[in-house]
Amino acid sequence: MAETSEEVAVLVQRVVKDITNAFRRNPHIDEIGLIPCPEARYNRSPIVLVENKLGVESWCVKFLLPYVHNKLLLYRTRKQWLNKDELIDVTCTLLLLNPDFTTAWNVRKELILSGTLSPIKDLHLGKLALTKFPKSPETWIHRRWVLQQLSQETSLPSSVAKGNLGPVPVERTQRIIQEEMEVCGEAAGRYPSNYNAWSHRIWVLQNVAKLDLKVLLDELSSTKHWASMHVSDHSGFHYRQFLLKSLISQTAMGASVLQQNSLKNEPKDEEATVSTEEPRINLTQLLEEEVEFCTDLINSYPGHETLWCHRRHVFYLQHHLNGRYPPSVAHLSPADCSGGALNDLHLVPASPQLSQAMEVDGLNDSNKQGYSQETKRLKRTPAPDSLGLEMEHRFINQVLSTCRNVEQARYANAYRKWLVTLSQ
């Protein structure tokens, strides 16, 4: 084993070279990890590549990490010069071992902006780092920065834009979205309640997918199995709440645009309308299915607060759709969902139809004097609300009559109290 500084330098340089060569031999490496090995054996390389898995023997990390860390700091303070290839290799090795070293990511940002480094390669490096450090905040931050660069390809050098970004923007965007969803899903599975992964997933939907209805529906469907396997993950269920609220918001916006166009009586090409038509969404059915999904999970996995908080949120959205509450926003306070991992609440504007139903009480039209104020209230009172409350109370009674879990009973009683305050 190396002891002197010269021996350490030779050892580390060889290891860094071995890592670089491993990526050249197999550009499809999809996971990294440490191999428990307290001492060097058989005078062989500590870098092990099996199929698409890259392993680093643990004994060499105590030499490797301080060396590349110090080498990069010397470069940043202009006490040592490194060429572009050396910078790429050193930062790659450093970030695989410590992805929260901001200076290394900043150096790679400079390399990307100069056209030396492909942004696609940095996405791959970040994906590998997340297999070992799935919660690394600096890795997620850098990933968003790279995605912003890809969305602004005109600001990148032509060599990078032509060589790595692909010819069709729509196909490239779809491919990026799919890749990011997979990366977030893997990271969320490796670390419970991974706030950083789910927040990044929301960011991708907002800034890359632009809250596309089809993408939102696909995400709601694809995360259903994941949620059923992680019933205590507040972040995962908050993501489903975000999807539901976004679907309500986007549907309402679409209805508003259609209404404005119809009022203007603008002629439209029917063929163009059909080709660009958004998928039709039955919001009421969507929320009912989510309640049924939550019911199955609560019955199958008693005593999980996350499930009761999620049910509370979905039921609130149902009432919003029925016009029971002010339609300007559908909004849950953090106190409504104690223990929730995320409080990034999404405002949901009401559709014109909902707004119209809520304005009946405030009308003072002389042409409608035959209607009393009470009659107007009765006309606008949505029957589904009463039915929904009754069904929820039945569900609570059924849970309390059959459960033997103390926590389950406590959450059920808390939910019933919340329903009582909601109906007052």
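**Exercise 1. Which residues of helix α10 are buried?**

Solution. The buried residues of α10 are L213, V215, L216, E219, L220, T223, W226, A227 and S228. The model is a predicted one, and this list is read from its atoms.

**Exercise 2. Compare the span of helix α10 with the expected span, then describe its kink and its N-terminal cap.**

Solution.
Step 1. Helix α10 covers residues 213-229, which is 17 residues. The expected span is 1.5 Å times one less than the number of residues, so α10 should span 24 Å.
Step 2. The end C-alpha atoms of α10 are 25 Å apart, which agrees with the expected value.
Step 3. A kink of about 35° is centred on T223. T223 is also among the buried residues of α10.
Step 4. At the N-terminal end, the cap is D212: one of its side-chain oxygens lies 3.1 Å from the backbone nitrogen of K214.

**Exercise 3. Classify the ring pair of W198 and Y239, and say where the two residues lie.**

Solution.
Step 1. A pair of aromatic rings is described by the distance of the centres and the angle of the planes.
Step 2. The count of aromatic pairs in the model is seven. In the pair of W198 and Y239, the centres are 5.1 Å apart and the planes are at 45°.
Step 3. Planes under 30 degrees apart count as stacked and over 60 as edge-to-face, with the rest tilted; the pair of W198 and Y239 is tilted.
Step 4. W198 is in helix α9 (residues 195-207) and Y239 in helix α11 (residues 234-264), so the definition of helices places them in two numbered runs. The two residues are 41 residues apart, and their pair links distant parts of the chain.
Step 5. Both W198 and Y239 are buried.

**Exercise 4. Do the corresponding analysis for W308 and Y415.**

Solution.
Step 1. The ring centres of W308 and Y415 are 5.7 Å apart and the planes are at 55°, so this pair is tilted.
Step 2. W308 belongs to helix α14 (residues 305-321) and Y415 to helix α18 (residues 406-423). With these positions 107 residues apart in numbering, the pair links distant parts of the chain.
Step 3. Buried means under 20% relative accessible area. W308 has 3% and therefore counts as buried; Y415, with 0%, is buried.
Step 4. W308 and Y415 belong to one aromatic cluster with F315, F395 and W418. R311 lies over the face of F395, at 3.9 Å from the ring centre.

Note on methods. Residues numbered from 1 in each chain as written. Predicted model: local features only at pLDDT ≥ 70, side-chain atom pairs only at ≥ 80, totals over all residues. Heavy atoms only, no water. Phe/Tyr/Trp six-rings, centres within 6.5 Å; stacked < 30°, edge-to-face > 60°. Helix = DSSP H or I, 4+ residues; strand = E, 2+ residues; numbered from the N terminus. Buried < 20%, exposed > 50% of the residue type's maximum accessible area, 1.4 Å probe, protein only. Lys NZ or Arg CZ within 6 Å of the ring centre and 35° of its normal. Bend = angle between axes of the 7 residues up to and from the residue. Polar contact = N/O pair within 3.5 Å; in protein donor to acceptor, adjacent residues only side chain to side chain.
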